[in-house]
Amino acid sequence: VILVVAPVGFVWNEGCLVEGAEAENCQPNGTFLDTGRPVARVSSRPGGFVFETTAVVLNVTAPRRDPAELGLERSWMAIAEKSGEVAAWGTYETGFRVVHMLATILYANLPASVVDGVVVWTVEATVMEAEIEILAPSAFTLVCNLTDLVLPENTTCTAASSTLTLSTPLLPA
């Protein structure tokens, strides 16, 4: 078992293991001691983790603001447990900046009508592979249509969640 401790403000999503990861399961597991830092419990597949080669990709929701802007730590911690005892631990002290995108959504305001909308976003730093989830108020229904759009190659869109999956970097604009 590996416990992954995130900075304050992050939220581990239920079933936080990304498909294809080299682990069996991942679940939110409370907070670390009295720090308020959220913990995910990552269980290994039979045979345990092979530390030299294991890559575990986890699904976590970033906070609205960078923890460092609020005077909080950005560091991450991993604690390996074996038979309920701490076997190893490590930290990533510098963490990473949380950079949100500035977005504008344009659409015709015609009640009870099907209209095309445009989502425009700007990033401050190069974004490597990413998923961009577009959330709408409950009164709206979103449908993905990548026709006539200028997007990086191999961009896909999942209609059910209106999530764009980018496989090439987005450069700052």
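Does Val98 count as buried or exposed? At 10% relative accessibility, Val98 counts as buried, because a residue is called buried under 20% relative accessible area, exposed over 50%, and partly exposed in between (1.4 Å probe, protein chains only). The legends below start with the whole chain and then move through five close-ups.

**Overview. The protein chain has 12 strands and zero helices.**
Welcome to a predicted model, in which local features need pLDDT of at least 70 and side-chain atom pairs count only at pLDDT 80 or more, while totals for chains, interfaces and linings use all residues. Residues are numbered from 1 along each chain as its sequence is written, and side-chain values use heavy atoms, with hydrogens and water left out. Helices (H or I, at least four residues) and strands (E, at least two) are DSSP runs, numbered from the N terminus. Of the 173 residues in the protein chain, 21% are buried. The chain exposes about 12,000 Å², and carbon and sulfur atoms supply 55% of this area; accessible areas come from the Shrake-Rupley method with a 1.4 Å probe, and for residues only the protein chains shown count as cover. A contact means heavy atoms within 4.5 Å. Among contacts with a separation of 6 or more, 55% involve residues 24 or more positions apart.

**View 1. Five strands form an open sheet in the order E3-E4-E1-E6-E7.**
The pairing in this sheet is antiparallel. Strand E3 (25-32) and strand E7 (85-92) stand at the edges with a single partner strand each, so one side of each is left without a neighbour in the sheet. From one strand to the next, the twist averages 20°; the axes are lines fitted to C-alpha atoms, for helices over the stretch in contact, and angles run from 0 to 180 degrees between N-to-C directions. As a general note, strands of a sheet pair through backbone hydrogen bonds, either parallel or antiparallel.

**View 2. Two edge strands are shown with their partners, E3 with E4 and E7 with E6.**
Two strands pair if DSSP finds at least two bridges between them. E3 and E4 pair in the antiparallel sense over six bridges, and Cys26 stands opposite Val42 in E4. The hairpin of E3 and E4 has four residues between the strands, and there Leu33 takes a positive phi near 45°. On the other edge, strand E6 (residues 76-82) and E7 pair in the antiparallel sense over seven bridges. Look for Lys82 here: its bridge partner in E7 is Glu85.

**View 3. Two salt bridges start from arginines of strand E4, Arg37 and Arg41.**
In a salt bridge, a side-chain nitrogen of Lys or Arg lies within 4 Å of a carboxyl oxygen of Asp or Glu. By this rule the count comes to three salt bridges. In one of them, the side chains of Arg37 and Glu73 meet at 3.8 Å, N to O. This pair links distant parts of the chain, 36 residues apart: Arg37 is in strand E4 (residues 37-43), and Glu73 is in the loop between strand E5 (58-61) and E6. Arg37 counts as buried at 9% relative accessibility, whereas Glu73 is exposed, with a relative accessible area of 51%. Another salt bridge joins Arg41 to Glu81, with the closest N and O atoms 4.0 Å apart. Here the link runs from strand E4 to strand E6, across 40 residues of the chain. Both partners are partly exposed, Arg41 at 34% relative accessible area and Glu81 at 24%.

**View 4. Asp66 meets Arg74 in a salt bridge and also touches Val98.**
The closest N and O atoms of Arg74 and Asp66 are 3.0 Å apart. Arg74 is partly exposed, with a relative accessible area of 24%, while Asp66 counts as buried at 2% relative accessibility. Val98 lies in the loop between E7 and E8. Leaving aside neighbours within four places in sequence, Val98 is in contact with Phe10, Ala62, Pro63, Asp66 and Pro67. Val98 and Arg65 are 33 residues apart in sequence, yet 6.7 Å apart in space, C-alpha to C-alpha.

**View 5. Ile105, Tyr107 and Phe140 make a nonpolar surface patch of about 310 Å².**
Patches are made of residues with over 30% relative accessible area and no salt bridge; like charges are joined within 9 Å, and nonpolar side chains (Val, Leu, Ile, Met, Phe, Trp, Tyr) within 5 Å. Tyr107 belongs to strand E8 (residues 102-107) and is partly exposed, with a relative accessible area of 43%.
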